[in-house]
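Grab a viewer and work through the exercises below. Each one sets a task and then walks through a solution.

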Amino acid sequence: MSNEPHERTGDDLPIVVAALYRFVALPHFQDLRPSIEAVLVENNVKGSLLLATEGINGTIAGSRAGIDAVLDHLRSIPEFADLDVKESRCAEQPFRRSRVRLKREIVTMGVEGIDPQESVGTYVDPRDWNDLISDPEVVLVDTRNEYEISIGSFEGAQNPHTESFREFPEFVDQQLDPSKQKKVAMYCTGGIRCEKSTALLKQKGFQEVYHLRGGILKYLETVPPEESKWNGDCFVFDQRVSVGHGLAEGEHVMCFACGWPVSKEDQQHPDFKAGVHCPNCVNEISEERKRRFAERQAMWEKQGRLKSGE
């Protein structure tokens, strides 16, 4: 299949992938779960949605009609009338099941008193992002985790070297200072982590804090490759693993042993074995676990051959 964006993400592809979130007070969020689960199942829409007292977050995928039915239902709930949704397309369903989960936070930072509804950074549209990050006074920070940053980032961005978003506040305390960094710009995959990270910085006394509206996904959808300051692919949390400019599906695969994305080049590496290990984890996994992973992979491959009639 061609890697041209118009062939990989056009309206002819049958599956719509919708990444959505909304920060809003939901004191009775548990009560919303049954009806949302029901509309997902009724419309054969798969993926995962998180509900918490602070709002909703998640990514779902299905037919155009199915996604529209789910979004119509969500927007019929007054708190979700202004739901933030970003869509892309793919050839096959990237999720295996439908889930609505109840959580303490819709994106887990673990810091009490951070409320994006009260104070966040200044939103910057993708078309204006290049000008902002070209300002030498702006400190650019990637709020994502190490495995996400490993396959792509903006030129000159600081990597916080975190394994989870819970570690981000510690990075801020150790590496950023409102008396020194007068302008801070931050970005993430779809925009939701920056709602909390910019709220955190505002709470800590940073005056000029900016974040990319719609995140990397909106930037890659909006800004032409020849004008782009993005290098590499963007990690996504579904079976596509990564997307590039125009939201074309990338060539990375997921290492099921450690969860890291594996590039096309590393898939040719002797230390890569599909479903078993990759160059990142080959020396960290016991021989017993490698054996179990190999047996699991062989079973999946056999099931796949049976389904395809081979």
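A residue counts as buried under 20% relative accessible area, as exposed over 50% and as partly exposed in between, using a 1.4 Å probe and protein chains only. The model is predicted, so local features need pLDDT of at least 70 and side-chain atom pairs count only at pLDDT 80 or more, while totals for chains, interfaces and linings use all residues. Residues are numbered from 1 along each chain as its sequence is written, and side-chain values use heavy atoms, with hydrogens and water left out.

**Exercise 1. Take stock of the whole chain: how many helices and strands are there in the protein chain?**

Step 1. Count the elements: the protein chain has nine helices and 15 strands. Helices (H or I, at least four residues) and strands (E, at least two) are DSSP runs, numbered from the N terminus.

Step 2. Check the overall dimensions. The radius of gyration is 20 Å, close to the 19 Å from the globule rule for 310 residues, so the chain is as compact as a globular protein of that length. That radius is taken over C-alpha atoms, and the rule is 2.2 Å times the number of residues to the power 0.38. Along the principal axes, the C-alpha atoms fill a box of roughly 65 × 45 × 40 Å.

Step 3. Look at burial and contacts. Buried residues make up 48% of the 310. Of the contacts with a separation of 6 or more, 67% join residues 24 or more positions apart; contact means heavy atoms within 4.5 Å.

**Exercise 2. Work out the strand order of the open sheet of five strands.**

Step 1. Trace the pairing: the order is E4-E1-E3-E2-E5, and the pairing is mixed. Two strands pair if DSSP finds at least two bridges between them.

Step 2. Find the edges. Strands E4 (84-90) and E5 (98-102) each pair on one side only. Ignoring direction, neighbouring strands are turned by 10 degrees against each other on average.

Step 3. Zoom in on one edge. Strand E2 (residues 46-52) runs parallel to E5 over five bridges, and Leu50 has Arg101 in E5 as its bridge partner.

Step 4. Add the helix. H2 (residues 33-42) lies across E2, E3 (55-62) and E5, at about 165 degrees to E5. Axes here are lines fitted to C-alpha atoms, for helices over the stretch in contact, and angles run from 0 to 180 degrees between N-to-C directions.

**Exercise 3. Do likewise for the open sheet of four strands: which are its edge strands?**

Step 1. Write down the order, E6-E10-E9-E7, with parallel pairing.

Step 2. The edges are E6 (122-124) and E7, each pairing on one side only. From one strand to the next, the twist averages 30 degrees.

Step 3. Follow E7 into E9: the two pair in the parallel sense over five bridges, with Met186 in E9 as the bridge partner of Val141.

Step 4. Place H7, which packs on the sheet by touching E6, E9 and E10 (208-212), and whose direction makes about 175 degrees with that of E10.

**Exercise 4. Find the largest nonpolar core: how many residues does it have?**

Step 1. Apply the criterion: a nonpolar core is a set of buried Ala, Val, Leu, Ile, Met, Phe, Trp, Tyr and Cys residues joined through side-chain atoms within 4.5 Å.

Step 2. The largest core has 25 residues, and those with the most contacts inside it include Val141, Phe168 and Met186. Its largest share, five residues, comes from H7.

Step 3. Inspect Phe168. Beyond four places in sequence, its contacts include Val141, Pro160, Met186 and Leu200.

Step 4. Look for another core: a second, separate one of 23 residues includes Val16, Leu20, Val45 and Leu83.

**Exercise 5. Classify the aromatic pair of Trp129 and Tyr187.**

Step 1. Start from the total of eleven aromatic pairs. Rings of Phe, Tyr and Trp (its six-membered ring) pair if their centres lie within 6.5 Å; planes under 30 degrees apart are stacked, over 60 edge-to-face and the rest tilted.

Step 2. Trp129 and Tyr187 are edge-to-face, at 6.4 Å centre to centre and 80 degrees between the planes. Trp129 sits in H4 (residues 126-133) and Tyr187 in E9 (residues 183-187), 58 residues apart.

Step 3. Buried or exposed? Both Trp129 and Tyr187 are buried.
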